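Reader: I would like a close look at one part of this model. Take the packing of the interior, and begin with a loop at the surface for contrast. Keep it brisk, please.

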Amino acid sequence: MQSLWETEVEMPSFPKLDRDKKTDVLIIGGGFAGILCAYFLEKYGVDYCLVEAGRVAEGVSGHTTAKITVQHGLVYHKIADRYGTEAASQYYNVNRIALENYRVLCKGMQCDFEEKDNFVYSVKSRTALEKEMRVLERIGAEPAFAETLPLPFASCGAVSLPKQAQFQPLKFLAEITKGLNIYENTRVLGFGEKAGTGEKVRTVLTDKGRIYAKKIIVTTHFPMLNKHGCYFIKLYQHRSYVLALRNAPHLQGMYVDEDRKGFSFRNAGEFLLLGGGAHRTGKKGGSYTELRGAGELFYPQAEEVCRWAAQDCMSLDGIPYIGPYSRGSEGIFTATGFNKWGMTSSMVAAMLLSDIVLEKKNEYERLFSPSRNMFTGQLFVNIADAVAGLLSFSKKRCPHLGCALKWNREEHSWDCPCHGSRFSEEGQLLNNPANGNLK
């Protein structure tokens with residue numbers, strides 16, 4: 001079903017690639033991260049082009065709840081525990097810059113940009129909230145603790161930061177894509193190499209022709225090259241759901257549970273967006289059934305106007321992977337693992353990757369490096385799930401790496417519990433990393 005954003009905006013269309021092409025930088029993937037990379041490269045006068053297999057912003061970018069905030073759950077005390085306070089400070093500072101970039105870009109743009117206070121609440125642990133408060137204070141974020149919240153259930157309170165933001169994401173993208181060098185309905189099929197003059201030039205094969213590029217940025221949500229970077233064990237996908245409700249309360253702020261399986265709330269014009277029902281893709285979870293039950297309980301007078309789902313790539317340590325694709329893939333870069341916080345993370349990715357492409361030093365490269373130490377408990381969970389998926393029996397197998405597909409009764413789709421690819425009942429590709437339909 002269409003998201004609220006899609007019912008309000010018709011995105012501009014772009015041509016298909018119709019011939020072989022040479023470019024300095026090729027961007028693969030037309031979501032927020034890819035489009036913002038293109039915007040910065042255009043601004044800096046770089047020779048680039050962006051290719052998208054379908055239509056721009058038709059994936060996760062059109063199904064976000066579009067909260068622009070430096071608060072990504074209770075992430076700061078976790079970063080400080082694992083990497084130190086300086087890393088937590090860096091994460092805060094770069095996301096604060098990303099928020100300010102949106103603030104500047106949205107000035108004079110009709111994209112429903114609104115400043116809102118953000119609240120991360122917990123229904124389980126005040127201790128976790130207090131720990132997050134202490135780290136945020138230590139890095140200069142000036143948080144506030146909210147004892148009571150205008151939510152339809154009791155909580156332990158919330159950590160709040162002022163002057164965060166929300167907007168209409170497709171209105172923003174419709175404006176920012178104007179004048180960008182974009183090719184739609186152009187699917188990348190494979191990579192090769194070609195001798196260049198003085199440096200390697202890669203050959204990228206598409207269904208419309210070949211592209212010869214010196215550098216490549218992969219922003220395809222889940223990275224598409226399996227033999228580099230081990231993303232098939234460094235990432236897993238999480239699915240969540242949203243209802244747009246009419247005749248529900250207007251909340252002065254944006255609210256999200258620190259538990260990924262909890263509820264989120266924000267208003268969009270006359271509607272309240274209620275999010276929840278989350279689960280790992282291919283596994284059992286709340287889905288729309290849980291969310292509708294909550295909506296009927298919380299707001300019995302409300303009317304459901306539309307519903308939609310989003311799917312997010314989750315990293316092992318709560319920090320996105322942004323930078324060189326792997327140690328062995330010279331000239332290829334990626335951005336993924338945004339952990340349900342794609343707005344600021346996409347802007348961070350565009351800032352960082354445009355600097356890398358221009359060979360500028362960026363102080364945040366190490367923090368987001370896809371090649372950082374990945375030994376976490378989640379790594380072994382991902383490996384175990386992948387092995388179980390490969391060994392399970394199913395008539396339907398995912399063309400990505402051969403895992404058994406599971407039937408999703410709620411959404412009538414075939415879902416991969418290993419890496420999150422999804423297919424319609426008829427076998428059409430709905431979500432990557434698979435790069436084609438079921439046979």
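**From a loop to the core**

Author: G179 counts as exposed, because its relative accessibility is 64% and the cut-off for exposed is over 50%. Keep in mind that this is a predicted model. G179 sits in the loop that runs between α6 (169–176) and β7 (182–183). Along the chain, G179 and Y39 are 140 residues apart. In space, their C-alpha atoms are separated by 9.2 Å.

Now go inside. The largest nonpolar core holds 87 residues. Y76, Y102, F167, F172, L173 and F368 have the most contacts within this core. Helix α9 (residues 342–357) supplies the largest share of the core, 10 residues. A second core stands separate from it, with 23 residues. C49, Y231, L235 and L316 are among them.

Take Y102 next. Its position falls in helix α4, residues 85–105. Set aside neighbours within four places in sequence, and Y102 still touches F32, L36, I68 and F113. Y102 also contacts F167 and F172, and both of these are on the list of residues with the most contacts in the core. M343, T344 and M347 complete the set of Y102 contacts.

Y76 leads to a helix pair. This residue belongs to α3, which spans residues 76–83. The axes of α3 and α4 come within 7 Å. They cross at roughly 140 degrees. The two helices are therefore oblique to each other. The crossing is right-handed. On the α3 side, the contact uses Y76, I79, A80 and Y83. On the α4 side, it uses T85, A87, A88, Y91 and Y92. Eight of the contact residues are nonpolar, one is polar and none is charged.

Two backbone positions deserve a check. A57 has a phi near 65 degrees, a positive value in a residue other than glycine. The loop between β2 (48–51) and β3 (67–68) carries A57. A57 counts as buried, because its relative accessibility is 4% and the cut-off is under 20%. C230 has a positive phi as well, near 55 degrees, and again the residue is not glycine. C230 lies in the loop between β10 (209–218) and α7 (231–234). With a relative accessible area of 39%, C230 is partly exposed.

How values were computed
Residues are numbered from 1 along each chain as its sequence is written. This is a predicted model: local features need pLDDT of at least 70, side-chain atom pairs count only at pLDDT 80 or more; totals for chains, interfaces and linings use all residues. Side-chain values use heavy atoms; hydrogens and water are left out. Axes are lines fitted to C-alpha atoms, for helices over the stretch in contact, and angles run from 0 to 180 degrees between N-to-C directions. Helices (H or I, at least four residues) and strands (E, at least two) are DSSP runs, numbered from the N terminus. Angles under 35 degrees count as roughly parallel, over 145 as roughly antiparallel, 65 to 115 as roughly perpendicular and the rest as oblique. A crossing is left-handed if the near helix is turned anticlockwise from the far one by less than a right angle, and right-handed if clockwise. Contact means heavy atoms within 4.5 Å. Ala, Val, Leu, Ile, Met, Phe, Trp, Tyr, Cys and Pro count as nonpolar, Asp, Glu, Lys and Arg as charged, and the others, Gly among them, as polar. A nonpolar core is a set of buried Ala, Val, Leu, Ile, Met, Phe, Trp, Tyr and Cys residues joined through side-chain atoms within 4.5 Å. Buried means under 20% relative accessible area, exposed over 50%, partly exposed in between (1.4 Å probe, protein chains only).
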